[in-house]
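Subject: A structure for you to explore

Hi there,

Here is the structure I promised to pass on. Have a look at it first, and then read on for what I found.

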Amino acid sequence: MNRQENIHPSDSPFRNLYFVGAGGIGMANLERYFISKGHKVAGYDRSPSTLTSELEKEGVEITFNDDPEEIPEAFRNPADTLVVYTPAVPADCPILSWFWKNGFEVVKRAALLGKITRSTSAICISGSHGKTTTCSMTANILRESSVGCNAFLGGILRNTGSNLVLSESSPWSVIEADEYDRSFHQLSPAIAVVTSTDPDHLDIYGDEEGYLEGFAHFTSLIREGGYLLLHTGLKLKPRTAEGVRTMTYSGDPDGDWHAEEICYGNGTLSFTLAGPSVRIERIELGVPVEINIDNAVAAAAASLLAGATADDVRRGLKSFKGAKRRFEVWRDGKDGSTVLIDDYGHSPNEVKASIRSVKKLYPGRKLTVVFQPHLYTRTRDFAADFARALSEADQVIMPEIYPARELPIPGVDSNLILKDVKSENKRFCERKNLLNLIKNSNFDILMTLGAADIDRLLPEINGILEERQRVEK
């Protein structure tokens with residue numbers, strides 16, 4: 001195996017970077033970052049997407065053929081090319097194997113991101129759910145303040161249309177700390193946030209105890225003099241170093257940082273933030289759903305600790321448009337037409353929280369959820385929990401499991417969840433037939449859920465609903 005931890009283009013001879021898994025959302029921000037620093041960037045991904053098209057327009061050379069012959073000539077010299085890969089790429093990927101066999105320095109994405117955190121004051125936001133929205137909120141507050149930041153997000157910030165925020169002068173970076181493959185163990189936070197620790201990725205951690213141990217190790221990496229913001233009620237027992245201050249947060253009144261005076265009205269959601277020696281009234285959320293209160297409290301607290309002001313917090317949270325695929329409202333249905341919402345929720349608690357938020361936002365209306373399971377292992381490990389969460393919807397439609405990096409597991413399919421869903425109206429529908437089903441059905445509220453690729457159908461789904469509304473008029 002090649003050396004994995006000691007490479008960074010700013011202190012090495014490497015001027016070219018090749019990304020294996022270039023179309024991944026977490027890889028894209030690094031590609032954009034190094035393009036902005038004047039490096040040549042290329043990569044491979046198995047299929048094109050809207051994101052890969054955008055990256056190509058920005059200067060990234062991407063191939064969708066895993067034949068090593070497709071690697072551009074400029075990236076075939078181990079003396080000046082660094083190879084970065086994501087663990088989502090299979091180990092037997094021909095392009096990745098070619099680089100290993102030919103003496104290239106090959107590093108995981110997390111190692112490269114970790115190097116960035118060690119050269120900045122890093123706000124690292126972790127958790128089984130909520131981290132992308134919290135990270136994006138924090139970035140939006142800081143980018144609109146005098147503090148500024150470089151932010152590496154796990155979703156597209158709709159305010160900027162990118163998953164990267166750049167600053168020439170800010171010492172702060174905002175990092176989404178991913179626990180998959182223990183990636184967040186590469187980071188060096190000045191401020192760390194743990195939003196949730198609902199067990200996930202048990203193929204990596206084995207069981208809940210192992211998962212919690214992974215987060216405990218993450219908290220041990222916080223720098224001396226730093227902060228840990230920990231959501232209340234977690235089973236996690238932090239293992240912080242001496243000199244690190246731990247504070248709790250919550251949307252309820254029981255955290256050191258918390259929300260008070262929560263107010264819904266006329267399509268808006270506002271609250272008062274209370275914290276140690278801090279009180280900020282009339283904070284309005286740009287994305288007014290209940291699940292964002294906790295995220296906003298964490299983002300506000302982290303931003304204030306980094307030097308933002310109360311006005312920065314108010315402005316950044318009010319102007320926040322959300323991250324793509326995080327409770328993204330495509331059609332609000334205020335004219336009585338079908339509501340269309342997309343959400344990345346892919347753990348049982350995320351699914352439950354998203355469904356309940358829709359129910360609260362649109363009381364009395366019928367909710368249909370199209371849930372695309374992601375990973376065979378996750379489906380196997382949490383089938384009963386997914387079934388309970390989905391049972392809160394009025395109708396459930398479920399396509400086949402999206403395998404991502406995994407091979408099929410005998411006996412594990414969508415029916416493992418669907419058979420225990422209590423909703424009266426439920427059905428399996430292959431992904432290839434979903435658009436036809438939607439064309440021939442009527443919906444009050446339609447919500448697509450999951451971490452897989454169902455979002456690629458959203459433009460067509462929205463077009464179907466728009467055409468139906470036009471005809472009905």
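Tyr44 stands opposite Thr63, a residue of strand 3. The model is a predicted one, so please keep that in mind as you read. Strand 2, made of residues 40–44, pairs with strand 3 in the parallel sense, over three bridges. In general, strands of a sheet pair through backbone hydrogen bonds, either parallel or antiparallel.

Now zoom out to the sheet. Its five strands come in the order 3-2-1-4-5, the sheet is open, and the pairing is parallel. Which strands stand at the edges? They are strand 3 (61–63) and strand 5 (105–108); each has a single partner strand, so one side of each is left without a neighbour in the sheet. On average, neighbouring strands here are turned by 20° against each other, if direction is ignored.

Two helices are worth finding next to this sheet. Helix 1, residues 25–36, packs on the sheet and touches strand 1 (16–20), strand 2 and strand 4 (81–85). The direction of helix 1 makes about 170° with that of strand 1. Helix 3, residues 94–101, lies across strands 1, 2, 3, 4 and 5, and runs at about 135° to strand 1. Which residues of helix 3 are buried? They are Ile95, Leu96, Ser97, Trp98 and Phe99, and the buried residues of this helix pack against strand 1, strand 2, strand 3, strand 4 and strand 5. Just after helix 3 comes Gly103, with a positive phi of about 80°.

If you like rings, there is plenty to look at. A pair of aromatic rings is described by the distance of the centres and the angle of the planes. The count for this model comes to 13 aromatic pairs. One of them joins Tyr33 and Phe34: the ring centres are 5.1 Å apart and the planes are at 85°, which is over 60, so this pair is edge-to-face. Phe99 and Phe104 also form an edge-to-face pair, with 4.8 Å from centre to centre and 80° between the planes.

Are these four rings buried or exposed? Tyr33 has 14% relative accessibility, so it counts as buried, and Phe34 is buried with a relative accessible area of 1%. Phe99 is buried at 0%, and Phe104 also counts as buried at 0%. Phe99 and Phe104 belong to one aromatic cluster, together with Tyr18, Phe75 and Trp98.

Further along the chain, look for helix 7, residues 208–220. This helix has 13 residues and reaches 19 Å from its first C-alpha to its last, close to the 18 Å expected at 1.5 Å a residue. Its buried residues are Gly210, Tyr211, Leu212, Gly214, Phe215, Ala216, Phe218 and Thr219. What covers the buried residues of helix 7 includes strand 6 (121–126), strand 9 (172–177), strand 10 (191–194), helix 6 (202–205) and strand 11 (227–231).

Finally, where is His374 found? His374 sits in the loop between strand 18 (367–371) and helix 11 (376–390). This histidine is buried, with a relative accessible area of 13%. The side chain of His374 makes a polar contact with the side chain of Arg378, at 2.8 Å. Leaving out residues up to four places away in sequence, His374 touches Tyr402, Ala404, Ala451 and Ala452.

Enjoy exploring!

Best wishes

Technical notes: Residues are numbered from 1 along each chain as its sequence is written. This is a predicted model: local features need pLDDT of at least 70, side-chain atom pairs count only at pLDDT 80 or more; totals for chains, interfaces and linings use all residues. Side-chain values use heavy atoms; hydrogens and water are left out. Rings of Phe, Tyr and Trp (its six-membered ring) pair if their centres lie within 6.5 Å; planes under 30 degrees apart count as stacked, over 60 as edge-to-face and the rest as tilted. Buried means under 20% relative accessible area, exposed over 50%, partly exposed in between (1.4 Å probe, protein chains only). Helices (H or I, at least four residues) and strands (E, at least two) are DSSP runs, numbered from the N terminus. A polar contact is a pair of N or O atoms within 3.5 Å; within protein, one must be able to donate a hydrogen and the other to accept it, and residues adjacent in sequence count only if both atoms are side-chain atoms. Contact means heavy atoms within 4.5 Å. The expected span of a helix is 1.5 Å times one less than its number of residues. Two strands pair if DSSP finds at least two bridges between them. Axes are lines fitted to C-alpha atoms, for helices over the stretch in contact, and angles run from 0 to 180 degrees between N-to-C directions.
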